[in-house]
Amino acid sequence: MSDEPPVSTSSGPLRASGKVFRRGENGPVCFVKAVTFGPFPPGVFPGGEIRTELERVKDELGANAVRFYEPPPIHWLNDCADLELMAFISISWSQHVDFLNQKNIRRETELRIKDITNRYRGNRAVAGYFVGNEIETTLVRYLGPKKVVRFLEHLIDTGRSVDPGKLFSYANYPSTEFLIPGNQDFLAFNVYLEQPENFGSYLDRLQSLSGNLPVLISEFGVDSRDHGTKEQAEILNWHIDEICRAGIAGTTIFSWSDQWSRGGETIMDWDFGLTDRNGIPKEALHTLARKWEDIEKPFDGVTLDETPKFSIIICTYKGARLIEAALESLRHLDYPDFEVIVVNDGNDQSVRELVQSLDHVRHVGVPHGGLSNARNIGAKTSTGDIIVYTDDDCFVDPDWLNWLALAFSAPDRPDCVGGPNIPPPALNSEQAFVIASPGGPSHVLIGDRSAEHVPGCNIAVKKEVFDAIGGFDAQFWTAGDDVDFCWRLIDAGYKIGFHGAAYVWHLRRSTYQAYIRQQRGYGKAEAMLMRIHPDKFGNIGGAAWRGFVYDGPALSFSRSSEEIHHGKYGYEPFQLIYPDHKNGISSVFSHAGFVIPFLLLIPFGFLTWWAWVIAGAGLSLTLTSALKSAFRADLQREFDSLWARLVIARLTILQGFMRSAERMFRAFPLQSPVNFAKGVWSAITHIEGPRPGSSMVVKFWSEDGKAREALLDSLDRHFKLAADTSGDTDFRLKSGLFFQSDLVTVTEYHEKNHLLTRAKISSTLKIRTFLIGLAAVLLIGDLLENPLWLPVGFLGVVMLEWIFHSIRNSWIVGSAGIQAGLDLFKD
């Protein structure tokens, strides 16, 4: 067999497109039907038997992809290409030890990524790579989730630089659901839940976590030794049902054969295979083959019990340039009963001529009266059971109405339903920078199937409910109407549902000027909302949502301010991401009410240098916050550069300032200066304090199987330390006036049951106490007309306290380890 890849295959390369995969850039949707293949014990499939097994994967199972846990021989991939099987390749490395703090491991990992991607570069069978698989949860917590995510992002960038035509991801699992690289092409999760309700609920959560990316289940299996072959088949049967119901882009079944090895050793106590150790198919293989036979896209596996009539309403104001693409996409909807109504606000001639030339659209021309008025007129002329709105700058997926109908039939029977709105790829740098900047239309979820707000570009509501709450408020001409509508709907006792697969493509503003005008318009609308719903706004003027705001990109923990619930000692099996409601830093520091006072201070610097110091400190917070946000923004790769990030930082400052200024000055009587000051102080004092110096690490070695639990138990029994209930660390250590000290541990498992436990002691500056102390010292120093030595002395006292507590806490941890029977370890 030649090692040269085949010249061509019948389909294009796999591409991520919204919430699905496609073959080629604009090719058909491809539902990934994968099975794990190997690693097999030595000699199990000699000679040409591997190709025979791959033929069975294709012909008997009906799979279109395989996942390799180890880099396969080139001729295996060539066989895959011949058989039109896509290959996903896992790249393993030393992810079971402290890889971030050992330069040689980081370097070896980077070289391995380069070597493997270079080996397969251009091979048409390869669909994508996994740059890691299930990094152990306590190790992630010890190293720091943000640092681990950034390392994974670096590995993805490294692999992509070598083989840019392939997809890249990290195979995650629920215990570290927060490890979501911001630059991956799709969200991949290994999930083992054996109850359909639990599994289905977690799939909905993955749709939320993935943002605008498709979700691939990278591993799911059932052990027929424990469950029996019949139950294995039954579980895999409903597994496919739940995958399709949630709109997941594909799934990977573990595994093809019971013949399986790990670390060179044959595994004999698992029977996850679709074929037994003699190669005989189990019932599960035939069940999967029947389920997969007619599924080419996710909704193919769904049957609707009800198909209510939808009235699709698009309101446009002089939008002839945009609306043609929207109407063309509606022509391709795959749903049995709907009508399309265009409300021509202002009765523009170009819009009227375009719409009247289309036989599948009804035109309603009205005098210019604003967006809400147009939406209400469209509802009055509709004949459907459900009214669904989208915008003239949107285009929809053919199954859009199917997913909305499915959401309305959910057990909780929502009265209103929405879905994501995804920006299509930018055509130029200006568009890309606007898409990456904050303030775009977003949905707010209070659960993975329920929402507090869905944008007006993708919202469906039962007609009787629409009429019951009086439709949209006509005073909203351009924005804010959907927020008001959702709040009134919820206040009236109705429910808003959500489905992650019911997405529309939504164009963002194409110029900087249009983007800033849009944000000013949002600020004006928020001022109106504050007068109508004063109880739904916070101290600094932004909406005080109860739910989690999803603004498009996947919830990468390295690019956000979410909190993680690790559980005691980091052992929570499902370590969920939660919004950090205390963290309003980015919105506070670009707020006009924060920036303007510091700008006004600058001229006073000619009278006293303190004015310049205070103004510089405040404005530096604005700049730092904007830069931090810009460098974490989800930017289209081909437009990424240092200059691009600086432009996004500028847009971030302008967006926050202009939007808040419109809101603040138009709703001034409603926004108390005292409450605003409280919001600013809360944001400042919740900044994570700096950690002077590096963390101190005490290491313990055990050759009799003693792990971190022995150390933690000893600390609890002998020193009565307070356990960290959040699970961010293991214990709160002895703290002082200016520092909070914490302990986090991890155990590395080495050969011959030898264990290395690392205990890391970190001290964090208490920002609130430090600022109060520093302000008092500066004030006293100024009164004594000697402003230098007191602040220097104050900082010296702070550092001495840090040194003292570091020494004391390392002694406590070392003593506890010795009392637990662990040996101190020195490199």
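## Exercises on a predicted model

Counting with a nitrogen-to-oxygen cut-off of 4 Å, the chain comes to 41 salt bridges. The model is a predicted one, so keep that in mind as you work through the exercises below.

### Exercise 1. A salt bridge across the sequence

Task: find out which parts of the chain E177 and R205 tie together.

Solution. Start with the pair itself: E177 and R205 form a salt bridge through their side chains, with an N to O distance of 2.6 Å. Next, place each partner. E177 sits in the loop between β7 (167-172) and β8 (187-190), while R205 belongs to helix α6 (residues 196-209), so the salt bridge ties together parts that are 28 residues apart in sequence. Finally, check the surroundings: both E177 and R205 are buried.

### Exercise 2. A salt bridge within one helix

Task: work out how many residues apart R245 and E242 are, and whether E242 is buried or exposed.

Solution. The side chains of R245 and E242 make a salt bridge of 3.1 Å, N to O. Both residues lie in helix α7 (residues 224-245), three residues apart, which is about one turn of the helix. For the second part, buried means under 20% relative accessible area. E242 has a value of 16%, so E242 is buried.

### Exercise 3. How α16 packs on α20

Task: describe the arrangement of helices α16 and α20, then locate the salt bridge between R659 and E526 within it.

Solution. Begin with the geometry. Helix α16 (residues 512-532) packs with helix α20 (residues 642-666) at an angle of about 30°, and their axes are 8 Å apart. Angles under 35 degrees count as roughly parallel. The two helices, α16 and α20, are therefore roughly parallel to each other. As for handedness, α16 passes α20 in a right-handed crossing.

Now look at the residues that meet. From α16 they include Y515, Q519, Y522, E526 and M530, and from α20 they include V647, L651, L654, M658 and R659. By type, the residues of this contact divide into ten nonpolar, three polar and eight charged.

Then bring in the charged pair. R659 forms a salt bridge with E526, and the closest N and O atoms are 2.6 Å apart. R659 lies in helix α20 and E526 in helix α16, so this pair ties together parts that are 133 residues apart in sequence. R659 is buried, with a relative accessible area of 17%, and E526 counts as buried at 12%. Before leaving salt bridges, note one network: R51, E55, D79 and D82 are joined by salt bridges that share partners.

### Exercise 4. How α18 packs on α19

Task: decide whether α18 and α19 are roughly parallel or roughly antiparallel, and sort their contact residues by type.

Solution. Helix α18 (residues 592-601) and helix α19 (residues 609-632) pack at an angle of about 150°, their axes being 8 Å apart. That makes α18 roughly antiparallel to α19, since angles over 145 degrees count that way. The crossing of these two helices is left-handed.

On the α18 side, F594, V595, F598, L599 and L601 take part in the contact, meeting residues of α19 that include A611, I614, G618 and T622. Sorted by type, the residues of the contact between α18 and α19 are ten nonpolar, two polar and no charged.

### Exercise 5. Backbone exceptions

Task: identify which peptide bonds at P39 and S255 are cis, and place E84 and E134, with their positive phi values, in the chain.

Solution. First, the background: most residues other than glycine have a negative phi, and most peptide bonds are trans.

- G38 and P39 are joined by a cis peptide bond, with omega about 0°; P39 is in the loop between β3 (32-36) and α1 (49-61).
- F254 and S255 are also joined by a cis peptide bond, with omega about 0°; S255 is in the loop between β10 (250-254) and β11 (261-262).
- E84 has a positive phi, near 60°. E84 lies in the loop between α2 (74-82) and β5 (86-90) and counts as partly exposed at 40% relative accessibility.
- E134 has a positive phi, near 50°. E134 is in the loop between β6 (126-133) and α4 (137-143) and counts as partly exposed at 27% relative accessibility.

Conventions: Residues are numbered from 1 along each chain as its sequence is written. This is a predicted model: local features need pLDDT of at least 70, side-chain atom pairs count only at pLDDT 80 or more; totals for chains, interfaces and linings use all residues. Side-chain values use heavy atoms; hydrogens and water are left out. Axes are lines fitted to C-alpha atoms, for helices over the stretch in contact, and angles run from 0 to 180 degrees between N-to-C directions. Helices (H or I, at least four residues) and strands (E, at least two) are DSSP runs, numbered from the N terminus. Angles under 35 degrees count as roughly parallel, over 145 as roughly antiparallel, 65 to 115 as roughly perpendicular and the rest as oblique. A crossing is left-handed if the near helix is turned anticlockwise from the far one by less than a right angle, and right-handed if clockwise. Contact means heavy atoms within 4.5 Å. Ala, Val, Leu, Ile, Met, Phe, Trp, Tyr, Cys and Pro count as nonpolar, Asp, Glu, Lys and Arg as charged, and the others, Gly among them, as polar. Buried means under 20% relative accessible area, exposed over 50%, partly exposed in between (1.4 Å probe, protein chains only).
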